[in-house]
Amino acid sequence: KKDQNFALSIMLGIAFSANIGGMATIIGTPPNTVLAGFLQNEYGIELGFFNWMLMGLPLAVLLLTVNYFVIVKIFYPNGLGQLQADGLIEQELAKLGPMSRAEKVVLSIFLLTALLWMLRSSLNTWFPGLQLNDTIISMMGAVALFAAPLDFRTGRFPLDWKDTQQLPWGILLLFGGGLALAGGLSQVGLIDLIGNSIAQAEGLSIFWITAALIAVMLFMTELMSNVALISIFAPVVAGIALGLDVPLFHLLIPVTLASSCAFMLPMATPPNAIVFASGHIKVYQMARVGLVLNLISIAVLIVVAYFFVPHLF
């Protein structure tokens, strides 16, 4: 029983922490990227990488801590104490050996790309001719992986063109399709219709509307792809925000974050699906922990919506 609880804690912890960790940065999870693209395309608004981190990193740390206590202390305590692994972890680390030149080059490019994302606004202020944005920086990092030499004599680089065969092109088409759908909804006037309907309604509190939108997004994400859902739902939420005369960020950011907080079912997010596919976890074991984490996440996101988002965006 203790070993089983330990195994469940490890597997659920991997899935849930992958979901939560993606909330920390604007590129950490696909829904964040979809939101950034939607705001840029439809309203000409750029989400600041550093501003998002100021909100997302503390949120991720808080939810990771809650995640640990809910899984390990409440649902699946193991009481094993210190494990006697007979040096297994040390053996695996020794197998890795020292960092290779290729690993150092990739790490350097990644760190430089992340630094440019965080300093983009300052660099554009200091050097107006640069006109950097997150997309340009991403492309520069990608091209650098094909161009930074590992060995001039043999013509080795971190990436070759054949490596692109393994890219998930489907997810890119899904992004583009979602943005096109958002544009279509806006063009036919559906967004304005929703916004005007909300604006004319009486007795609606912004607090309860925000809470309801967060809850609806979070539980709908349990049943369908969070990327597809945010692509469809973001224009609707934007229309509601405009109808209520509320800044777009105040509703869109909490709702987008909610799409990454689906912990109950395997189909909710890719990490959940991958861990469930291992065959070591049953649906009810994930669902009982996930329901509690979902409810806690709703409360936390409402706090974020009211105390963090208005001051950072």
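Reader: What is the relative accessible area of Tyr43, and is this residue buried, exposed or partly exposed?
Author: The structure is a predicted model, in which local features need pLDDT of at least 70 and side-chain atom pairs count only at pLDDT 80 or more, while totals for chains, interfaces and linings use all residues. Residues are numbered from 1 along each chain as its sequence is written, and side-chain values use heavy atoms, with hydrogens and water left out. Buried means under 20% relative accessible area, exposed means over 50%, and partly exposed lies in between (1.4 Å probe, protein chains only). Tyr43 falls in the middle class, so the words asked for are partly exposed, and its relative accessible area is 31%.

Reader: How many aromatic pairs are found in the whole structure, and what kind of pair do Phe38 and Tyr43 form?
Author: Rings of Phe, Tyr and Trp (its six-membered ring) pair if their centres lie within 6.5 Å, and planes under 30 degrees apart count as stacked, over 60 as edge-to-face and the rest as tilted. A search of the whole structure gives 8 such pairs. In one of them, the ring centres of Phe38 and Tyr43 are 5.7 Å apart and their planes meet at 80 degrees, which makes the pair edge-to-face.

Reader: Is Phe38, the partner of Tyr43 in that pair, buried or exposed?
Author: Tyr43 is partly exposed, but that class belongs to one ring of the pair and has to be looked up separately for the other. Phe38 has a relative accessible area of 3%, and therefore it counts as buried.

Reader: How many residues apart in sequence are the parts that the pair of Phe146 and Trp161 ties together?
Author: Phe146 and Trp161 form a tilted aromatic pair, with 6.4 Å from centre to centre and 45 degrees between the planes. Phe146 belongs to helix 6 (residues 134-147), whereas Trp161 sits in the loop between helix 6 and helix 7 (169-187), so the parts tied together by this pair have a sequence separation of 15 residues. Helices here are DSSP runs (H or I, at least four residues), numbered from the N terminus.

Reader: Which of these two residues, Phe146 or Trp161, counts as exposed?
Author: Phe146 has a relative accessibility of 30%, so it counts as partly exposed. With a relative accessible area of 64%, the residue that counts as exposed is Trp161.

Reader: Which residue forms a salt bridge with Glu46?
Author: A salt bridge is a side-chain nitrogen of Lys or Arg within 4 Å of a carboxyl oxygen of Asp or Glu, and the structure holds 2 of them. Glu46 lies in the loop between helix 2 (30-43) and helix 3 (49-75), and its partner lies in helix 5 (residues 101-126), so the bridge ties together parts that are 74 residues apart in sequence. Glu46 is partly exposed at 41% relative accessibility, whereas the partner is buried at 5%. The closest N and O atoms are 2.7 Å apart, and the partner is Arg120.

Reader: Why are Glu92 and Lys95 separated by about one helical turn, and in which helix do they lie?
Author: The side chains of Glu92 and Lys95 meet in a salt bridge, at 3.2 Å from N to O. Glu92 is partly exposed, with a relative accessible area of 39%, while Lys95 is exposed, at 64% relative accessibility. The separation is about one helical turn because the two residues are 3 residues apart in helix 4 (residues 88-96).

Reader: Which residue has its backbone oxygen 2.7 Å from a polar atom of the side chain of Thr256?
Author: Thr256 is placed in helix 11 (residues 248-258), where it is buried, with a relative accessible area of 0%. The backbone oxygen at 2.7 Å from its side chain is that of Leu252.

Reader: What is the value of phi of Gln131?
Author: Gln131 is found in the loop between helix 5 and helix 6, and it is exposed, with a relative accessible area of 62%. Its phi is positive in a residue other than glycine, and the value is near 50 degrees.

Reader: How far apart in space are Leu12 and Met118, C-alpha to C-alpha?
Author: Leu12 has its place in helix 1, and at 0% relative accessibility it counts as buried. Leu12 and Met118 are 106 residues apart in sequence, and the distance in space between their C-alpha atoms is 31 Å.

Technical notes: Polar contact = N/O pair within 3.5 Å; in protein donor to acceptor, adjacent residues only side chain to side chain.
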